[in-house]
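Me: I have a protein chain to study and would like to go through it step by step. Can we work by question and answer?

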Amino acid sequence: MTVANTEPTSATFEVATRHGQQVAVHVSGSGNPVVLLNGLARPMASWSAFTPVLGERMIVSFDAPGVGASKTPKLPLSMQALSDVVADVLDAVGVARADVVGFSHGGAIAQQFAFSSPERVRRLALLSTSCGRGATPGPGKKLWATTIDQRNPRRWGLARTVGALWQVAAVANWSSIPLLGSISAPTLVVCGEYDRIVPPTNSHLLAARIPNAVISVVPAGHDLQRPDVANPVAMRVLRFLDGPVAEDVAVDDDAGLSPCW
């Protein structure tokens, strides 16, 4: 049963993790909890166009180690260690079980967390992500320019290069392929039809291997957090999280986004 916080909250604070990291955490709202896992080199502010759609929910977000207001580790953390950070954050805010939404690199962490801590994941939404090793790659230069290259700062400021490289190192030797069949949470996989960084083939692979998964392909590129894209994608995710069964996502919504199976 999902643990719901009934008192309105809005706070930013630090949480000490079991691996010795201090991470910046933000909690807002009340109701059924959802934890948001950020993309490569992106701070929790990257969800600013997405979260207003989530309505009456307790929203938990945090800066991964090496990103935003969280200090950079001396050495890269493994994907399991990054999954442990999610558990430690949920422990700190008193949430036993939550819906989990992960974008890009955060989607990879979400897969690991859903495998490692299945009892803590009610429903899972994977946006613009892949299985890691074994995935169909996009152009490497495009990825660098989009996330790390300091000549191309993101909307939330310049990426911290070492922190981003540590995140790349974590996923470089990791694959979720052996894990996918064991993910028990109902899962929504969303990808952009024109995504060149994580081609849609990767999302189809995830949806095919995760039991109880559905896939929705939207007319967009990789960045499903862009203000002009985030709102309809968030509507799709919200309907999936709140619906009685995963198949409800197959119905067209008012934004005109139709799933592709």
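Reply: What follows is a set of short questions and answers on this predicted model.

Me: How many helices and strands are in the protein chain?
Reply: Read along the sequence, the pattern is β-β-β-β-α-β-α-β-α-α-β-α-β-α. It opens with β-β-β-β. The count in the protein chain is 6 helices and 8 strands.

Me: What percentage of the residues in the protein chain is buried?
Reply: A residue is buried if its relative accessible area is under 20%. The protein chain has 261 residues. The buried share of them is 54%.

Me: Of the contacts between residues at least 6 apart in sequence, what percentage joins residues at least 24 apart?
Reply: Contact here means heavy atoms within 4.5 Å. Pairs under 6 apart in sequence are left out of this count. Of the contacts that remain, the share joining residues at least 24 apart is 74%.

Me: What share of the accessible surface belongs to carbon and sulfur atoms?
Reply: The accessible surface of the protein chain comes to about 10800 Å². The part that belongs to carbon and sulfur atoms is 56%.

Me: How many disulfides does the count come to?
Reply: A disulfide is a covalent bond between the sulfur atoms of two cysteines. Cys131 is buried at 2% relative accessible area, and Cys191 is buried at 0%. To count, two cysteine sulfur atoms must be within 2.5 Å. The number of disulfides is 0.

Me: Which helix gives the largest share of the largest nonpolar core?
Reply: The largest nonpolar core has 44 residues. Val25, Leu37, Val60, Phe62, Val100 and Leu124 have the most contacts inside it. The largest share of this core is 8 residues, and they come from residues 79–92, helix H1.

Me: How many residues are in the other core, with Ile59 and Val233 among them?
Reply: This core lies apart from the largest one. Its members also include Val101 and Ala125. Its size is 25 residues.

Me: Which Met does Val25 touch?
Reply: Leave out residues up to four places away in sequence. Val25 then touches residues including Phe13, Val60, Phe62 and Val89. The Met that Val25 touches is Met44.

Me: In which sense do E1 and E2 pair?
Reply: The two strands pair over 7 bridges. One position to look at is Thr12, which stands opposite His26 in E2. The hairpin of E1 and E2 has 5 residues between the strands, and Gly20 takes a positive phi near 85° there. The sense of the pairing is antiparallel.

Me: Which residue in E4 stands opposite Ser28?
Reply: E2 and E4 run antiparallel. They are joined by 4 bridges. The residue in E4 opposite Ser28 is Ile59.

Me: How far apart in sequence are the parts that Arg18 and Asp88 tie together?
Reply: Arg18 and Asp88 form a salt bridge, and their closest N and O atoms are 2.7 Å apart. Asp88 is buried at 10% relative accessibility. Arg18 lies in the loop between strand E1 and strand E2 and Asp88 in helix H1, so the tied parts are 70 residues apart in sequence.

Me: Is Arg42, the salt-bridge partner of Asp223, buried or exposed?
Reply: The closest N and O atoms of Asp223 and Arg42 are 3.0 Å apart. Asp223 is in the loop between strand E8 and helix H6 and Arg42 in the loop between strand E3 and strand E4, so the pair ties together parts 181 residues apart in sequence. Asp223 has a relative accessible area of 12% and is buried. Arg42 has a relative accessibility of 4%, so Arg42 counts as buried.

Me: Which Asp forms a salt bridge with Arg120?
Reply: Arg120 is buried at 10% relative accessibility. Its partner lies in helix H1, 29 residues apart. The closest N and O atoms of the pair are 2.8 Å apart. The partner is Asp91.

Me: How far apart in space are Pro137 and Thr201, C-alpha to C-alpha?
Reply: Pro137 sits in the loop between strand E6 and helix H3. Pro137 is exposed at 67% relative accessibility. In sequence, Pro137 and Thr201 are 64 residues apart. In space, their C-alpha distance is 9.6 Å.

Conventions: Residues are numbered from 1 along each chain as its sequence is written. This is a predicted model: local features need pLDDT of at least 70, side-chain atom pairs count only at pLDDT 80 or more; totals for chains, interfaces and linings use all residues. Side-chain values use heavy atoms; hydrogens and water are left out. Buried means under 20% relative accessible area, exposed over 50%, partly exposed in between (1.4 Å probe, protein chains only). Accessible areas come from the Shrake-Rupley method with a 1.4 Å probe; for residues, only the protein chains shown count as cover. A nonpolar core is a set of buried Ala, Val, Leu, Ile, Met, Phe, Trp, Tyr and Cys residues joined through side-chain atoms within 4.5 Å. A salt bridge is a side-chain nitrogen of Lys or Arg within 4 Å of a carboxyl oxygen of Asp or Glu. Two strands pair if DSSP finds at least two bridges between them.
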